[in-house]
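Biologist: Could you take a close look at one part for me, the packed interior around the helices? I'd like a connected walk through it, not a list.

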Amino acid sequence: MQQYGVATVAQLDQFAEIIDVRTPSEYAEDHIPGAINCPVLDDAQRAEVGTLYKQVSPFEARKLGAALVAVNIAHHLRQQFAAKPKEWRPLVYCWRGGQRSGAMEIILRQVGWKACKLEGGYKAYRHRVLEGLDELPGRFALQVISGPTGSGKTRLLQAIAREGGQILDLEALACHKGSVLGLCPGQQQPSQKAFETALWQQLEALDPARPLFVEAESRKVGRLALPTALLTAMAAGRRQPVAVPMEARVAYLLEDYDYFLTDQEALLARLERLKELVGKEVLGRWQSLIATGDWPALVADLLQRHYDPLYQRSLRHYGPENGKGAAPLVLDNLDGATLTRAARELLAASAAF
């Protein structure tokens with residue numbers, strides 16, 4: 001490893017700490033996993049310098065930028081880096097490995113730390129993520145669990161993981177359950193870039209020699225788009241349909257989406273988005289059921305009038321008759337014991353596939 005100067009993306013794991021010197025908003029959108037944010041310019045300062053660059057001159061912008069960067073680096077030296085030992089080896093990066101990371105690296109090296117800056121900066125890391133998302137999905141033998149809404153697919157994935165299976169939980173990574181009602185309360189979905197970084201990181205950690213179980217998804221989970229290569233691999237994978245009685249599906253959804261029972265305004269607002277699809281009459285019926293608190297009837301009606309027809313259309317798109325499908329796995333209910341037995345059955349079947 002280089003002691004000083006420039007390091008590559010392939011050397012990330014050789015440093016004691018990774019420092020992202022971009023603005024807080026750039027860091028929040030996405031960053032190298034594990035990196036800490038020590039901005040040399042905050043968002044307002046960067047905008048101020050950029051405006052000066054365009055409206056006055058690059059020279060005046062650099063003078064102001066240098067003064068602001070010096071103050072901010074001094075703050076980090078007194079706070080974030082004050083207790084670092086002489087042997088500390090940080091890696092510094094900005095957007096392209098230019099002036100912002102260069103300024104921080106120079107100061108850290110002058111102190112005596114063996115600092116490096118990342119060649120190409122975050123942009124180089126982002127390129128590696130996108131290359132990985134194009135290439136990695138095709139390595140895996142995907143076992144795609146499918147079934148209509150309320151079939152407990154996510155719980156089945158979790159049961160497979162508890163039994164030692166290898167899973168990719170896209171909805172957990174996306175912080176969304178994949179439907180109009182799928183946004184998790186109190187959580188925001190990550191940015192598209194952050195989602196892709198987390199997905200790439202997880203794929204990198206999985207073993208292509210073992211079956212990989214994943215839930216069937218459409219092109220988007222909430223507002224986040226799945227990579228094309230992953231969608232292609234899922235379409236080519238072995239599909240495993242799950243069949244669950246309506247009564248059990250309703251009970252499962254009432255438990256899984258219980259937060260809507262206490263936030264009826266949010267529920268009504270979400271359902272309003274389906275007005276163009278289902279019409280005023282159906283939407284009015286749902287509103288009446290919410291007003292009277294007839295939750296089982298509401299859920300059953302949502303399944304029958306919206307979600308199940310949507311699922312049938314998705315089957316025509318994915319083509320379950322592609323020769324790679326399995327017979328439906330019929331579950332009487334979605335309790336823990338049933339899901340554990342189903343997980344073991346699927347793991348045994350995947351070993352023989």
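Modeller: Here is a walk from the main core to the cavity, and then on to the sheet.

Keep in mind that this is a predicted model. Start with the largest nonpolar core, which has 40 residues. Leu 156, Leu 271 and Trp 286 have the most contacts inside that core. The helices that each supply at least two of its residues are helix 6 (153-162), helix 10 (246-256), helix 11 (264-272), helix 13 (280-292), helix 14 (295-318) and helix 15 (336-352). Helix 14 gives the most, with seven residues.

Now zoom in on Leu 156. If you skip its neighbours within four places in sequence, Leu 156 is in contact with Ile 145, Val 242, Leu 329, Leu 339, Ala 342, Ala 343 and Leu 346. Apart from this core lies another one, of 38 residues, and Ile 32, Leu 226, Leu 231 and Met 234 are among them. As a general point, nonpolar side chains in soluble globular proteins tend to be buried together.

What about empty space? There are two cavities of 30 Å³ or more in the structure, and the largest holds about 200 Å³ of space. It is lined by 16 residues, of which Leu 181, Leu 253, Tyr 257, Val 299 and Leu 302 are the closest to its centre. Helix 10 and helix 14 turn up again here, each supplying at least two residues of that lining. Helix 14 gives the most to the lining too, with six residues. So if you colour a single element while browsing, try helix 14, given its seven residues in the largest core and its six in the lining of the largest cavity.

Then there's the sheet. Five strands make an open sheet in the order 1-5-4-2-3, with parallel pairing. Strand 1 (5-7) and strand 3 (36-37) sit at the edges with a single partner strand each, so one side of each has no neighbour in the sheet. Further in, strand 2 (residues 17-20) runs parallel to strand 4 (residues 90-93), and four bridges join the two. One pairing to look up is Asp 20, whose bridge partner in strand 4 is Tyr 93. Helix 4 (residues 99-111) packs on this sheet and touches strand 1, strand 2, strand 4 and strand 5 (116-118). The direction of helix 4 makes about 155° with that of strand 4.

One last stop is Glu 26, in helix 1 (residues 24-29). With a relative accessible area of 12%, Glu 26 counts as buried, because the cut-off for that is under 20%. Beyond its neighbours within four places in sequence, Glu 26 is in contact with Arg 46, Trp 95 and Arg 100.

Terms used:
Residues are numbered from 1 along each chain as its sequence is written. This is a predicted model: local features need pLDDT of at least 70, side-chain atom pairs count only at pLDDT 80 or more; totals for chains, interfaces and linings use all residues. Side-chain values use heavy atoms; hydrogens and water are left out. Two strands pair if DSSP finds at least two bridges between them. Contact means heavy atoms within 4.5 Å. Axes are lines fitted to C-alpha atoms, for helices over the stretch in contact, and angles run from 0 to 180 degrees between N-to-C directions. A nonpolar core is a set of buried Ala, Val, Leu, Ile, Met, Phe, Trp, Tyr and Cys residues joined through side-chain atoms within 4.5 Å. Buried means under 20% relative accessible area, exposed over 50%, partly exposed in between (1.4 Å probe, protein chains only). On a 1 Å grid over the protein atoms alone, a cavity is a set of points where a 1.4 Å probe fits but cannot get out, and a pocket is an open set with protein on both sides within 12 Å along at least five of seven lines; lining residues have an atom within 4 Å of a point. Grid points are joined across faces, edges and corners, and a volume is the space filled by probe spheres set on the points.
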